[in-house]
Amino acid sequence: MQELTLNENLLAAPVHVAGKPIEEVRREYGLERIIKLASNENPLGPSPLAVEAIKKALPNAHRYPGTVEANLRARLAQLMGGDFDEDNIIIGNGSCDVLRMVCLAFLHDGGESVVCPSTFPMYRIYTQMFGGNLVPVEARDYAYDLPAMVEKIGDATRLIFVCNPNNPTGTMLTQQQVDDFMEQVPERVVVVVDEAYYDYVADEHYASVKEYIEEGRNVILTRTFSKIHGLAGLRVGYGVAKKEMIQYLQHARSPFHVGSVNLIGATASLDDVEHIQRSRTLNAAEKEYLYEQFDRLDLRHIPSETNFILLPELRHDAVAMSEALLRQGVIVRPAGGFGVPGAIRVTIGTREENERLVWALEQVLHELTEG
Ligand SMILES: Cc1ncc(COP(=O)(O)O)c(C=O)c1O
């Protein structure tokens, strides 16, 4: 490759490393039964309505996607309510793809992104990929410090990324905090709010930023079918913004970038209100179960508004602990890559999976303490 001119921005952007797949752990450790609580997927799987719709769509897979993307955008706009219509929505190959388009659209001239280091790493990675400059603003008590982010806005600031609720801490920002923040952000800065875990939030003080979009502010919110809809493998996400903003972002899109079968599955999942409710109820009950068990094991945990829980300030090395859990057949995520070294993040599973996690934690804590 020495003879080639490479893109320095790409070389600076770390390659995304996913959580270990179940098959790999099975092979590596020779284990029969593996539980994956590493990627915040829905343990109940996809909606049966989505599976049915996907099967029905397969015989048409020889055609490029026709109106199916517009159908999904129209349905999403309807669910957003108010005056939203399909032109307020852009579909992505997962919501990551929307985040990528946003960075491509706004960081072309070496502009800055204000980013919290203890958050979803793709804001940082895409900023680097497109030659933008990072302005990090540390979290405070495992939550976004919005006043400190506002202070860092400068002439070169193009984007501010906010993850609400936040991955990997599970903490959320209240309506009041967001309002105070929005009052101070100048119009020339685009606020990107990642609401991937929006569906799990129970706290009444939470609010989506959609009302700011309705007011015409330069806000882009992103959501996904990968979490409560149980369709992470289909790679469908979306962005919502005012129409001019969406039109501009369309320039960053590849042709037919999400497959028709995937779009049809995602659209069908929106109709399965029961599945969504069941997923939410299970998550709420299992979160309480895990809190109790973590208390019993004297493991500090951050109260979560999502489908995962962060265990920070562990008494043992987080990577060693995750590897020891792997040997017990449980895959979790050390949170170093999410800017919280010394912590692990566990996805809330079914009762059976959670019991297995607790059992494995007991073994591992014993093993590491005994040395
Ligand atoms: C905060 C956050 N945003 C976005 C994503 C990615 O979503 P998608 O699968 O839609 O690309 C994740 C996935 O873990 C996430 O945690």
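How many bridges join β5 to strand β6, and in which sense do the two run? Select residues 190-194 for β6 and put them next to β5: 5 bridges join the pair, and the strands run parallel. Two strands are said to pair if DSSP finds at least two bridges between them. Helices (H or I, at least four residues) and strands (E, at least two) are DSSP runs, numbered from the N terminus.

Before you click further, a word on what you are looking at. This is a predicted model, in which local features need pLDDT of at least 70, side-chain atom pairs count only at pLDDT 80 or more, and totals for chains, interfaces and linings use all residues. Residues are numbered from 1 along each chain as its sequence is written.

**Stop 1: the whole chain**

Zoom out. The chain holds 14 helices and 12 strands. Its radius of gyration is 21 Å, close to the 21 Å that the globule rule gives for 371 residues, so the chain is as compact as a globular protein of that length. That radius is taken over C-alpha atoms, and the rule is 2.2 Å times the number of residues to the power 0.38. Turn the C-alpha trace along its principal axes and you get a span of about 60 × 55 × 50 Å.

Buried residues make up 44% of the 371. A residue is buried if 20 or more other C-beta atoms lie within 10 Å of its own, exposed if 12 or fewer, and partly exposed in between, with C-beta atoms placed from the backbone.

**Stop 2: two domains**

Color 8-45 + 274-370 as domain 1 and 49-272 as domain 2. These bounds come from an automatic or database domain assignment. Over C-alpha atoms, the two centres are 25 Å apart. Where they meet, 34 residues of domain 1 are in contact with 30 residues of domain 2; contact means that the C-beta atoms, placed from the backbone, lie within 7 Å.

On the domain 1 side of that meeting place, α1 (8-12), α12 (273-296) and β9 (308-311) each supply at least two residues. The largest share, 7 residues, comes from α12. By type, this side divides into 15 nonpolar, 14 polar and 5 charged residues. Here Ala, Val, Leu, Ile, Met, Phe, Trp, Tyr, Cys and Pro count as nonpolar, Asp, Glu, Lys and Arg as charged, and the others, Gly among them, as polar.

**Stop 3: back to β5**

Now select 157-163. What surrounds strand β5, given how many of its residues are buried? 7 of the 7 are buried, so β5 is largely enclosed by the rest of the structure. Besides β6, there is β3 (residues 112-115), which pairs with β5 in the parallel sense over 3 bridges. To see these pairings residue by residue, show E112, which stands opposite T157 in β5, then L159, whose bridge partner in β6 is V190.

Follow the chain into the loop between β5 and α8 (175-184), where P165 lies. The peptide bond from N164 to P165 is cis, with omega near 0 degrees. P168 lies in that loop between β5 and α8 too, and the bond from N167 to P168 is cis, with omega near 20 degrees.

**Stop 4: a buried arginine**

Select helix α6 (residues 122-129) and pick out R124. With 21 C-beta neighbours inside 10 Å, R124 counts as buried. Leaving aside neighbours within four places in sequence, R124 is in contact with V115 and L134.

**Stop 5: a three-stranded sheet**

Next, show β9, β12 and β11: the 3 strands form an open antiparallel sheet in the order β9-β12-β11. β9 and β11 (333-334) are the edge strands, each pairing on one side only. Strand β12 (residues 344-347) is joined to β11 by 2 bridges and to β9 by 4. F308 stands opposite T347 in β12, while P334 stands opposite I344.

In a regular strand the side chains alternate between the two faces of the sheet. Turn on side chains in β12: I344 and V346 point one way, R345 and T347 the other, and all are buried.

**Last stop: around the ligand**

Which of the 13 residues around the ligand come nearest? Select G94, C96, T224, S226 and G237. A residue is near a molecule if its C-beta atom, placed from the backbone, lies within 6 Å of it. The shell divides into 5 nonpolar, 7 polar and 1 charged.

Note on methods
Contact = placed C-beta atoms within 7 Å.
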